[in-house]
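Hi,

Here is the model I said I would pass on. Have a look at it first, and then read my notes below.

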Amino acid sequence: MAKATRFRLLQKAIPLLETMASGTPAVCANSSSLPEIGNDAVLYFNPAHISDMVGKMTLLLQNKDLRETLSERGLKRIKDFTWKNHIK
């Protein structure tokens, strides 16, 4: 399993949902719809600052507890995105 996945600015929501469903922690830009989708299950970076993205990726790769926390949160968050919830 991957230790992490990174999503750039303007990335679509489906890959983020698939990542969370697989239990893989994600690092995303804090723009577009990604924060709304990922909520507290994702680690965010400022897409205007490459150093912020690198720092967040490094933090996630070096911190097993954070990876496990985000993985658990992602698996919980994905349950909000069912077809039943979507048509409400």
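Let me start with a spot in a loop: Ser32 sits between strand S2 and helix H2 (34-38). Bear in mind throughout that this is a predicted model. What caught my eye is the backbone, since Ser32 has a positive phi of about 60 degrees without being a glycine. As general background, most residues other than glycine have a negative phi. Is Ser32 buried or exposed? Neither label fits, because its relative accessible area is 47%, and that makes Ser32 partly exposed.

There is a second case on the other side of H2. Asn39 lies in the loop that runs between H2 and strand S3 (42-45). Its phi is positive too, near 50 degrees, and again the residue is not a glycine. Asn39 has 42% relative accessibility, so it counts as partly exposed.

Now the overall layout. The chain has five helices and three strands, and along the sequence they come in the pattern β-α-β-α-β-α-α-α. Of its 88 residues, 38% count as buried. If you take the contacts between residues at least 6 apart in sequence, 36% of them join residues at least 24 apart.

Two pairs illustrate that kind of separation along the chain. Gly23 belongs to the loop between H1 and strand S2 (26-29), and it counts as buried because its relative accessibility is 4%, under the 20% cut-off. How far is Gly23 from Leu75 in space, C-alpha to C-alpha? The answer is 5.9 Å, although 52 residues separate the two in sequence. The other pair involves Glu68, a residue of helix H4. Its C-alpha is 9.6 Å from that of Lys3, with the two residues 65 apart along the chain. Glu68 is partly exposed, as its relative accessibility is 38%.

H4 also turns up in a helix pair that you may want to look at on screen. A pair of packed helices is described by the angle and the distance between the axes. Here the axes of helix H3 (residues 50-62) and helix H4 (residues 64-77) come within 5 Å and cross at roughly 95 degrees. That angle falls in the 65 to 115 range, so H3 is roughly perpendicular to H4. Which residues meet there? From H3 they are Leu59, Leu60, Leu61 and Gln62, and from H4 they are Lys64, Leu66, Arg67 and Leu70. By class, that contact is made of five nonpolar residues, one polar and two charged.

Last, the pocket. Empty space of this sort shows up when a probe the size of a water molecule is rolled over the atoms. The largest pocket holds about 180 Å³ of space. Its lining consists of Ile14, Leu17, Ile78, Phe81, Thr82, Trp83 and His86. Which helices each supply at least two residues of that lining? They are helix H1 (13-21) and helix H5 (83-86). As for chemistry, five of the lining residues are nonpolar and two are polar, while none is charged.

If you open the model, I would go through it in this order: the loop residues Ser32 and Asn39, then the crossing of H3 and H4, and finally the pocket lined by residues including Trp83 and His86.

Cheers

Note on methods:
Residues numbered from 1 in each chain as written. Predicted model: local features only at pLDDT ≥ 70, side-chain atom pairs only at ≥ 80, totals over all residues. Heavy atoms only, no water. 1 Å grid on protein atoms, 1.4 Å probe; cavity = no way out; pocket = protein on both sides within 12 Å on 5 of 7 lines; lining within 4 Å. Points joined across faces, edges and corners; volume = space filled by probe spheres on them. Helix = DSSP H or I, 4+ residues; strand = E, 2+ residues; numbered from the N terminus. Nonpolar A, V, L, I, M, F, W, Y, C, P; charged D, E, K, R; others polar. Axes fitted to C-alpha atoms, helices over the stretch in contact; angles between N-to-C directions. Parallel < 35°, antiparallel > 145°, perpendicular 65-115°, else oblique. Contact = heavy atoms within 4.5 Å. Buried < 20%, exposed > 50% of the residue type's maximum accessible area, 1.4 Å probe, protein only.
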